[in-house]
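Please prepare a short report on surface exposure and charged side-chain pairs in the model shown here.

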Amino acid sequence: LGLRYTTSPSLSCALARNKYYFSTLLNAHKLPIPKSWLLTDKGDWINGAPKDGTKVICKPASESASQGISESMILTASAEMGSRLLGASYIVQEYIEGSECEVPVFKIGEAVYVFPPIGIDLQGKRILDEDASEHNQYSFYLLSECFTSEVVAAIQEATKKAFCLLQMDVYGRIDFRIAPNGDAFIFDVSTTPYTTKHSSFAYAFNQLGFEYCDIYRAVISAALMRE
């Protein structure tokens with residue numbers, strides 16, 4: 001229709017909505033993701049199944065904003081697990097104990113700008129679940145306050161590669177789980193990330209000395225430059 005828009009192309013948006021598909025693509029290109037399996041709504045496993053005794057987290061395969069995610073879905077893999085989760089498709093991933101961070105990204109013209117990773121203070125929880133996400137029961141900090149420059153640089157490099165591989169545009173966000181040894185794994189991608197005042201975007205802009213409204217100046221400017 002010739003209308004200007006501010007998101008990534010439709011293919012990128014669709015891919016980002018299916019955790020198993022984008023995880024498989026990133027894994028094929030040697031980007032770090034947790035070991036992942038797909039459990040269909042009929043209880044069938046795609047790409048094998050986790051070994052019994054493996055600690056895993058089960059997440060709806062095609063949801064965003066932590067929908068359907070809770071600590072009760074952190075399970076120990078067993079032969080009976082598939083029959084317990086009938087009725088929906090799940091991505092089952094090896095659970096990474098540790099920290100969580102979000103990395104805002106902008107693409108302006110042909111240049112990709114990766115922001116400093118923003119750590120998520122889960123306030124005692126193990127994951128950012130649906131309830132905490134809906135009610136803003138978490139806060140932010142600069143990841144560089146807790147991890148080495150090498151870990152931060154590796155996360156930013158993986159972020160840029162994932163953003164470009166998925167052909168994302170204008171702005172987006174790549175999320176990581178970080179093990180205590182500093183190994184980081186991409187577990188989520190957003191082509192329409194939160195930009196509310198309680199968001200990693202707002203926190204990142206504030207840390208860099210910008211005003212909140214500058215987020216939207218950047219989004220609109222990047223979208224116009226794409227044209």
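Leucine 224 is partly exposed because its relative accessible area is 43%, a value between the limits for buried (under 20%) and exposed (over 50%), with a 1.4 Å probe and protein chains only. The model is predicted, so local features need pLDDT of at least 70 and side-chain atom pairs count only at pLDDT 80 or more, whereas totals for chains, interfaces and linings use all residues. Residues are numbered from 1 along each chain as its sequence is written, and side-chain values use heavy atoms, with hydrogens and water left out.

Leucine 224 lies in helix H7 (residues 214–226), helices being DSSP runs of H or I with at least four residues and strands runs of E with at least two.

Salt bridges, in which a side-chain nitrogen of Lys or Arg is within 4 Å of a carboxyl oxygen of Asp or Glu, number 10 in this model; the table lists some of them.

| Acidic residue | Basic residue | N to O distance |
|---|---|---|
| Glutamate 97 | Arginine 126 | 3.4 Å |
| Glutamate 100 | Arginine 177 | 2.9 Å |
| Aspartate 175 | Arginine 173 | 2.8 Å |

Glutamate 100 in strand S6 and arginine 177 in strand S10 (residues 171–178) are 77 residues apart, so that their pair links distant parts of the chain, and both residues are buried. Aspartate 175 is likewise buried, at 4% relative accessibility, and arginine 173 is buried at 10%. By contrast, glutamate 97 is partly exposed at 38%, as is arginine 126 at 31%, and these two residues join Lys55 in a network of salt bridges.
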